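Visitor: Could you take me on a close look at one part of this structure? I would like to see how the aromatic rings sit around the sheet.

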Amino acid sequence: MIRILLVLFLAFLGNAPALTPAVAQLPMNVKRVVFLGDSITYAGQYTAFVEAYYVTRHPGQRIEFINVGLPSETVSGLSEPGHAGGAFPRPDLHERLARVLAATQPDLVFVCYGMNDGINLPFDEKRFDAFKKGIHDVHNAVLAVHAQVIHLTPPYYDARKKNNPAYADTLDRYSQWLLDQRAQQWKVADIHGPMTAFIEEKRKTEPTFAYATDGVHPNDLGHWIMAKQILLFLGAKDLEKAEDVSQMLADNPNGLPILALVRQREDMLKDAWLTSTKHLRPGMQTGLPMEEALKKSAEIQMQLDALLKKPVPAT
């Protein structure tokens, strides 16, 4: 009798459908996601990749993604002498944070700082303390508006391109401190470590390989690694073997056009949000009035809906 049951069980396993990898999920109450950061966040590739993932994996959900990254910005409030040729000091996130949170009313906030906070100098305890205080302050400000917060370790800094190995050490320390805050029940997604590991492995066969010609601002591949680590942190086991964003979107025949629309909308909205909430950084593009920007966003959503409903071509 036991042998018969075993045979039937094995037969069932043989005919059972293969389990599909889990996709990333956001809590049900998350309807609006905000990205805070500096010029790497403002560039927008990684934020658009994250949004495109959710658009293609969860087409029935309406999750709004808002990029309010601001180039040159810090959480430490520090600025080096002669920044931008002496044109202006680095903006401090805390000058605008309350306005941004009040206007965007987020349910979840990603916080990506550190690259500018050490001011391109060797590690220094006072600068480190300013960074830690700034991160604590933004963490508490987000919680105070009843939103969740996920911190990101600083992106990779290419000491070889910048000829500044001391600053790479500074960012290693900033990253490790953020990871250590997991012991305080903080949610921290590591992008610094995986970006570093990838480039070190790549340079074993391609010694000149780099994410960024300037050593700071990553190309699409660098942004992809950032987005992938965020999505893996959120449970996207379906991306474990994906090597680039095209592979992430490969299961959707309209994946790349969807990504293009997502990027178009994010690029338009980020300037509108920055202009609407105001900031102190000169030289930024003036965004559309929010009413007009939101109308255009709704029009792009209609285009996205049409692509998401478009049937898969017969093979």
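**Aromatic rings around the sheet**

Guide: Happy to. Let us begin with two rings: phenylalanine 35 and tyrosine 46 are both buried. Please keep in mind that this is a predicted model. Phenylalanine 35 belongs to strand 1 and tyrosine 46 to helix 3 (residues 45–57), so the pair links distant parts of the chain, with their positions 11 residues apart in sequence.

How do these two rings meet? A search of the whole structure finds 15 aromatic pairs. In the pair of phenylalanine 35 and tyrosine 46, the planes stand at 90° and the centres are 5.8 Å apart, so the arrangement is edge-to-face. Both residues also belong to one aromatic cluster, formed by Phe35, Tyr46, Tyr53, Tyr54, Phe65 and Phe110.

Now for the sheet itself. Five strands make up an open sheet with parallel pairing, in the order 2-1-3-4-5. Its edges are strand 2 (64–67) and strand 5 (187–189); each has a single partner strand, so one side of each is left without a neighbour in the sheet. On average, and ignoring direction, neighbouring strands are turned by 20° against each other.

Strand 1 (residues 32–37) pairs with strand 3 (residues 108–112) in the parallel sense, over five bridges. You can pick out one of the partnerships by eye: valine 33 has leucine 108 in strand 3 as its bridge partner. Helix 4 (residues 93–104) lies across strand 1, strand 2 and strand 3, and it runs at about 170° to strand 1.

For another kind of ring geometry, go back to the aromatic pairs, of which the search finds 15. The rings of phenylalanine 35 and tyrosine 46 are edge-to-face because their planes are at 90°, whereas phenylalanine 198 and tyrosine 211 are stacked, with 25° between the planes and 6.3 Å from centre to centre. Phenylalanine 198 is in helix 8 (residues 192–202), and tyrosine 211 is in the loop between helix 8 and helix 9 (220–233), so this pair ties together parts that are 13 residues apart in sequence. As for accessibility, phenylalanine 198 counts as partly exposed at 32% relative accessibility, while tyrosine 211 is buried, with a relative accessible area of 4%.

Two lysines round off the tour. The charged end of lysine 270 sits over the ring of tyrosine 42, 4.1 Å from its centre. Lysine 132 lies over the face of phenylalanine 128, at 4.3 Å from the ring centre.

Notes: Residues are numbered from 1 along each chain as its sequence is written. This is a predicted model: local features need pLDDT of at least 70, side-chain atom pairs count only at pLDDT 80 or more; totals for chains, interfaces and linings use all residues. Side-chain values use heavy atoms; hydrogens and water are left out. Two strands pair if DSSP finds at least two bridges between them. Helices (H or I, at least four residues) and strands (E, at least two) are DSSP runs, numbered from the N terminus. Axes are lines fitted to C-alpha atoms, for helices over the stretch in contact, and angles run from 0 to 180 degrees between N-to-C directions. Contact means heavy atoms within 4.5 Å. Rings of Phe, Tyr and Trp (its six-membered ring) pair if their centres lie within 6.5 Å; planes under 30 degrees apart count as stacked, over 60 as edge-to-face and the rest as tilted. Buried means under 20% relative accessible area, exposed over 50%, partly exposed in between (1.4 Å probe, protein chains only). A charge sits over a ring if NZ of Lys or CZ of Arg is within 6 Å of the ring centre and within 35 degrees of the ring normal.
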